[in-house]
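Me: Please take one part of this structure and describe it closely for a first-year student. I should like to see that part first and its surroundings afterwards.

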Amino acid sequence: MTAIRCGAPLVSQRPEYFEDGSLQPDMIAFGKGTGISGVAINFNGLMMRHLAFHKQELIRQSIRFWRSMVTRPIAIPVLIEALGILNLAKAEDWPARSEQIGRAFREFILRYAGDDGHGKEIVRGLGAFIAVDREISKKFNVMAAFRRRSAWARWIPKLNSAAAVDSQAIERYIVGADAKPLRQTLAKEAQKQGTKPLWCWVCGIDAIVEDWCRTCFLGHCGTQDCAKGFHAHNCL
């Protein structure tokens, strides 16, 4: 799913690679989104070709060694669900939609950031896998994914959202000030269902306290620093 979010089922289909036939990826990690961890090796990749894997017998020996390592079988329900997602992604062309979503979000972020985005890089990533400067991200009141000390927040928008492919619609229905009524509706529904935001808006770990914003649908983990940052946020 990460690859699909980046605009291509395989990294070798990205423009960075297929526009130059001499550039080939060394390995592709796959399956983590479905609880599987797999790696595909390309012995003709940029780095692998320098490791002297030229003889077919040496390549086959390496493959046999990797296959002999302990693995876990994939649970049938997980496999069925994964295949269903992949079939839907193919039918609806999610890689192309990922590119559209990425362009729309980047346009919105740069427009919203205004002068704060001048003179420095504030958004990175490929397709619908978006990395936003952590301080800029806070202005949007979005529950993003974080690495503890990273300066970047990861935004992972839904690929089946019609509003996500248009920057004006993003501002109106998803993360802009005009989306306030929808956020409040989400908060009311959460209260009705007895649930709350799952992750800390400040650090990204589990939000375990009942103190959360009913306007922006944001929570925090309860630590002193995160509580301070949470209570300092400006509601939409």
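Reply: N141 lies in the loop between helix 6 and strand 5; helices (DSSP H or I, at least four residues) and strands (E, at least two) are runs numbered from the N terminus. The model is predicted, so local features need pLDDT of at least 70 and side-chain atom pairs count only at pLDDT 80 or more, whereas totals for chains, interfaces and linings use all residues. Residues are numbered from 1 along each chain as its sequence is written, and side-chain values use heavy atoms, without hydrogens or water.

The backbone of N141 deserves attention. Its phi is positive, about 55°, although N141 is not a glycine. Most residues other than glycine have a negative phi. N141 counts as buried because its relative accessibility is 3%; buried means under 20% relative accessible area, exposed over 50%, and partly exposed in between, with a 1.4 Å probe and protein chains only. F217 offers a parallel: its phi is also positive, near 55°, in a residue other than glycine. F217 sits in the loop between helix 8 and helix 9 (224-231), and at 13% relative accessibility F217 counts as buried.

Helix 6 (residues 134-138) leads to a cavity, for this helix gives 3 residues, the largest share, to the lining of the largest cavity. On a 1 Å grid over the protein atoms alone, a cavity is a set of points where a 1.4 Å probe fits but cannot get out; a pocket is an open set with protein on both sides within 12 Å along at least five of seven lines; and lining residues have an atom within 4 Å of a point. The structure holds 1 cavity of 30 Å³ or more. The volume of the largest cavity is about 40 Å³, where volume is the space filled by probe spheres set on grid points joined across faces, edges and corners. Its lining consists of R134, S137, K138, V142, F146, W201 and V202.

Strand 5 (145-146) leads to a pocket: strand 5, helix 4 (76-91), helix 5, strand 6 and helix 8 (180-193) each supply at least two residues to the lining of the largest pocket. Helix 4 provides 5 residues, the largest share. This pocket has a volume of about 1,300 Å³. Among its 41 lining residues, M143, I156, P157, K158 and I174 are closest to the centre.

The nonpolar cores complete the picture. A core is a set of buried Ala, Val, Leu, Ile, Met, Phe, Trp, Tyr and Cys residues joined through side-chain atoms within 4.5 Å. In the largest core, of 25 residues, F105, I109, I130, F140 and W155 touch the most other members. Helix 5 (94-113), strand 4 (129-133) and strand 6 (152-155) each contribute at least two residues, and helix 5 gives the most, 7 residues. Apart from this core lies another, of 10 residues, including V202, C203, C216 and F230. In soluble globular proteins, nonpolar side chains tend to be buried together.

I130 illustrates the packing of the largest core. Beyond its neighbours within four places in sequence, I130 is in contact (heavy atoms within 4.5 Å) with G102, F105, R106, I109, V123, R124, A153, R154, W155 and P157.
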